[in-house]
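Subject: Structure handover

Hi,

Here is the structure I promised to pass on. Please open it alongside this email.

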Amino acid sequence: MTIMDIAAEAGVSIATVSRVLNQPEKVKPKTRERVQAILKKHHYRPNAIAQGLVRNTLHTVGILSVDIRREHFSTSAYTLESLFFDWGYTTILCNTGNDLRKKIEYLRILAERKVDGLVLLGSIFCHPDIEQAIARYMPHTPIILTNGQMPLPNIYSILGDNARGMEQLVEHIVHKGCKKPLLIHQDLSLNAQRKLAGFRLGMQLCNLPVEEHTIWSCGREDETGISVIDPILQTVSDFDALICADDLMAIGIIRYLKDRGISVPKDIRVTGYGNSRQGSLSIPSLTTIDSKEVEMAETAANMLHQMIEKKESLQEHFPVFVKPELIIRESA
């Protein structure tokens, strides 16, 4: 059943059927009802691409994630997809990995598909080449970037205050009596740099020195942080807490310490970051920071939806800051 068949049965022009499908308010009620009845009778489904050309929107939103296996990315993507589905949008989820070429290629692909908006999950997308690709392929598409910033007029930032989150962890363990905490982090992305700055400020506010062996990096390839534990145990003899920049890292370190007869929190206190489900189930359960990934994703979805529907900039409302929350459990 084609649109021509529908028009012939209803006794109207093809243009009238097209208006019923795309701009029903412009068709007289009786005519509209007659055409809609025939459409329903034959279970007619219009071509989405053709409708999109008429309406100048395909009701599609892109989501770019570096690793959808990681809980904070999957939680954000799930939240975004659920909200946009309720608003009648289709989402295209692209998992880029750490391959810069793949990230740029996905931007080109999404631009070709004329997505109405885009969400970039994480500061890992803050790269000059990605910025140039956006300026080239999607200069007018509204884009939400979480935990990062780019100097382009169509990019809007939602930032978790992760520097404050790290300050809270330092304040908490000092309150618990710790005097020599160490920080373990994975990389130097913009988000990681904010956490590092927050740790340094927290130490300063608590009048604790940041010495040569206070800060350790295990590299992004080691998600559990195990690679730095032996060097720490061999090098630093009197530390009393490990502040980890990620929950998974903290959980791996707790297991490693337990296997070597080191009790958490009796001998060493350990904290994570992210408030993952694994952290609440670990033994001991993990003290951590809830970085409010769901709240950030909800804010991103609502503001992007508003910009798409109203076709206006909300740049004056950005960046948006989301406050983290200290979650106190057994490990610290």
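Below is what I found, going from the overall build to the two sheets and their helices.

Overall build

First, a caveat: this is a predicted model. The protein's secondary structure comes to 13 helices and 12 strands. Its radius of gyration is 26 Å, well over the 20 Å that the globule rule gives for 332 residues, so the protein is more spread out than a compact globule. The C-alpha trace spans about 90 × 35 × 30 Å along the principal axes. Buried residues account for 49% of the 332 residues. Take the contacts between residues at least 6 apart in sequence: 70% of these join residues at least 24 apart.

The six-stranded sheet

One open sheet has six strands, in the order β2-β1-β3-β4-β5-β11, and the pairing is parallel. The edges are β2 (90-95) and β11 (320-322); each has a single partner strand, so one side of each is left without a neighbour in the sheet. Neighbouring strands here are turned by 20° against each other on average, direction ignored.

Look at β1 (residues 60-65) for the pairing in detail. Six bridges link β1 to β2 in the parallel sense. Within that pair, S65 stands opposite N95 of β2.

Helix α13 on that sheet

Helix α13 covers residues 293-310. At 1.5 Å a residue, its 18 residues should span 26 Å, and the end C-alpha atoms are 26 Å apart, which agrees.

Which residues of α13 are buried? The set is E293, M296, A297, T299, A300, A301, M303, L304, H305, M307 and I308. What covers these residues includes strands β1, β3 (117-121), β4 (143-146), β5 (155-160) and β11. Helix α5 (71-86) is also part of that cover. Just after α13, K311 takes a positive phi of about 50°.

The four-stranded sheet

A second stretch to inspect is an open sheet of four strands, ordered β7-β6-β8-β9, again with parallel pairing. Here β7 and β9 (269-271) stand at the edges; each has a single partner strand, so one side of each lacks a neighbour in the sheet. The twist averages 20° from one strand to the next.

Strand β6 deserves a look. Five of its five residues are buried. How do these residues divide between the two faces of β6? P181, L183 and H185 are on one side, L182 and I184 are on the other, and both faces are covered.

The bridges of β6 go to two strands:

- β8: four bridges, running parallel to β6. P181 has A241 as its bridge partner, and L183 stands opposite I243.
- β7: three bridges, also running parallel to β6. H185 has S217 as its bridge partner.

Two helices lie across β6, β8 and β9. One is α8, running at about 165° to β8. The other is α11 (residues 247-259), running at about 150° to β8.

Helix α9 on the four-stranded sheet

Helix α9 takes in residues 190-205. Its 16 residues should span 22 Å at 1.5 Å a residue; the end C-alpha atoms are 22 Å apart, which agrees.

Where do the buried residues of α9 fall, seen down the helix axis? They are N191, A192, K195, L196, G198, F199, G202 and M203. Seen down the axis, these buried residues fall within an arc of 160°, so they line one face of the helix. On the other side of α9, Q204 and L205 are exposed.

The cover over the buried face of α9 includes helix α8 (162-175). It also includes strands β6 (181-185), β7 (215-217) and β8 (241-244). Just after α9, N207 takes a positive phi of about 60°.

Where to start

If time is short, start with three views. View α9 down its axis, to see the buried residues along one face. View β6, with both faces covered. Then view α13 with its cover, which includes β1 and α5.

Best wishes

Terms used. Residues numbered from 1 in each chain as written. Predicted model: local features only at pLDDT ≥ 70, side-chain atom pairs only at ≥ 80, totals over all residues. Heavy atoms only, no water. Expected span 1.5 Å × (residues − 1). Buried < 20%, exposed > 50% of the residue type's maximum accessible area, 1.4 Å probe, protein only. Arc of directions from axis to C-beta. Contact = heavy atoms within 4.5 Å. Pairing = 2+ DSSP bridges. Axes fitted to C-alpha atoms, helices over the stretch in contact; angles between N-to-C directions. Rg over C-alpha atoms; globule rule 2.2 N^0.38 Å.
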